Structures are given as C-alpha cells and as structure tokens.
Amino acid sequence: MGELRLCVQCRTRPVDERWRPFCSERCRNEDLARWADGRYRVAGEPVPPPDSDEEQPD
Ligand SMILES: [Zn+2]
C-alpha cells in the first residue's frame with residue numbers, strides 16, 4: 001500500500017515527505033519561482049487590448 005506519487009514539478013522522481021508535493025527543495029523552489037514570476041507579470045504588466053494601438057484621428 002501507499003502509492004508512489006511523482007513530484008509535481010519534474011514529474012520524474014518520487015515525492016519526498018519533507019518536500020511534498022515535490023521531490024526535493026530544488027523542485028519546490030522552482031515551482032515557487034514560477035508562481036511568483038507569473039503573478040508578477042499579471043500584476044505589473046497589464047496587457048493592452050489589441051484595438052487601442054495609439055491611433056491619431058485626423
Ligand atoms: Zn522534482
């Protein structure tokens with residue numbers, strides 16, 4: 001019993017109890033970094049609508 005779960009980050013190595021749900025501290029840090037990066041972009045860089053490219057009507 002006890003199924004062997006794979007690390008959610010690298011998906012190749014079994015989860016380590018200490019770093020669940022990751023296999024190592026390294027994978028955990030990579031995952032956190034990815035999250036932080038994604039949040040940073042979403043929060044700090046709003047995507048302008050494609051229509052509102054600075055048009056200057058004559
Ligand atoms: Zn891993």
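**Close-ups of a zinc site and its surroundings**

Cys27 is buried, with a relative accessible area of 6%; buried means under 20% relative accessible area, exposed means over 50%, and partly exposed is in between (1.4 Å probe, protein chains only). The model is predicted, so local features need pLDDT of at least 70 and side-chain atom pairs count only at pLDDT 80 or more, while totals for chains, interfaces and linings use all residues. Residues are numbered from 1 along each chain as its sequence is written, and side-chain values use heavy atoms, with hydrogens and water left out.

**View 1. Four cysteines hold the zinc ion.** The protein donors are the SG atoms of Cys7, Cys10, Cys23 and Cys27, and they lie 2.3 to 2.4 Å from the zinc ion. Donors here are N, O and S atoms within 2.8 Å of the metal (3.2 Å for Na, K and Ca); water is not among the atoms, so sites may look incomplete. The site of the zinc ion is tetrahedral, with angles of 105 to 114° among its four donor atoms. For four donors, that label needs all angles to lie between 85 and 135 degrees.

**View 2. The zinc donors are spread along the chain as C-x2-C-x12-C-x3-C.** Cys7 and Cys23 link distant parts of the chain: both sit in the segment before helix H1 (25-44), 16 residues apart. Helices (H or I, at least four residues) and strands (E, at least two) are DSSP runs, numbered from the N terminus. Buried or exposed: which are Cys7 and Cys23? Both are buried. Cys10, on the other hand, is partly exposed, with a relative accessible area of 25%. How many disulfides does the structure hold? Zero, where a disulfide would be a pair of cysteine sulfur atoms within 2.5 Å.

**View 3. Arg18 and Arg20 each take part in a salt bridge.** A salt bridge puts a side-chain nitrogen of Lys or Arg within 4 Å of a carboxyl oxygen of Asp or Glu. Side chains of opposite charge can pair when their charged atoms come close. Arg18 pairs up with Asp16, and the closest N and O atoms are 3.1 Å apart. Arg20 meets Glu17 at 3.8 Å, N to O. Arg18 is exposed at 66% relative accessible area, Arg20 is exposed at 57%, and Glu17 counts as exposed at 59%.

**View 4. Glu30 and Arg26 pair within helix H1.** Their closest N and O atoms are 3.4 Å apart in this salt bridge. The two residues are four apart, about one turn of the helix. Arg26 counts as exposed, at 63% relative accessibility, but Glu30 is partly exposed, with 35%. A search of the whole structure finds four salt bridges.

**View 5. Ser24 sits in the segment before H1.** Ser24 counts as buried, at 16% relative accessibility. Which residues does Ser24 touch, not counting those up to four places away in sequence? They are Arg13 and Trp19, where contact means heavy atoms within 4.5 Å.

**View 6. Zooming back out, the protein chain has one helix and zero strands.** Of its 58 residues, 14% count as buried. Residues 24 or more positions apart account for 3% of the contacts with a separation of 6 or more. The accessible surface of the chain comes to about 5800 Å², and 51% of that belongs to carbon and sulfur atoms. Areas like this come from the Shrake-Rupley method with a 1.4 Å probe; for residues, only the protein chains shown count as cover.

Methods:
Four donors count as tetrahedral if all angles lie between 85 and 135 degrees; four count as square planar and six as octahedral if opposite donors are over 155 degrees apart and all others between 65 and 115; anything else is irregular.
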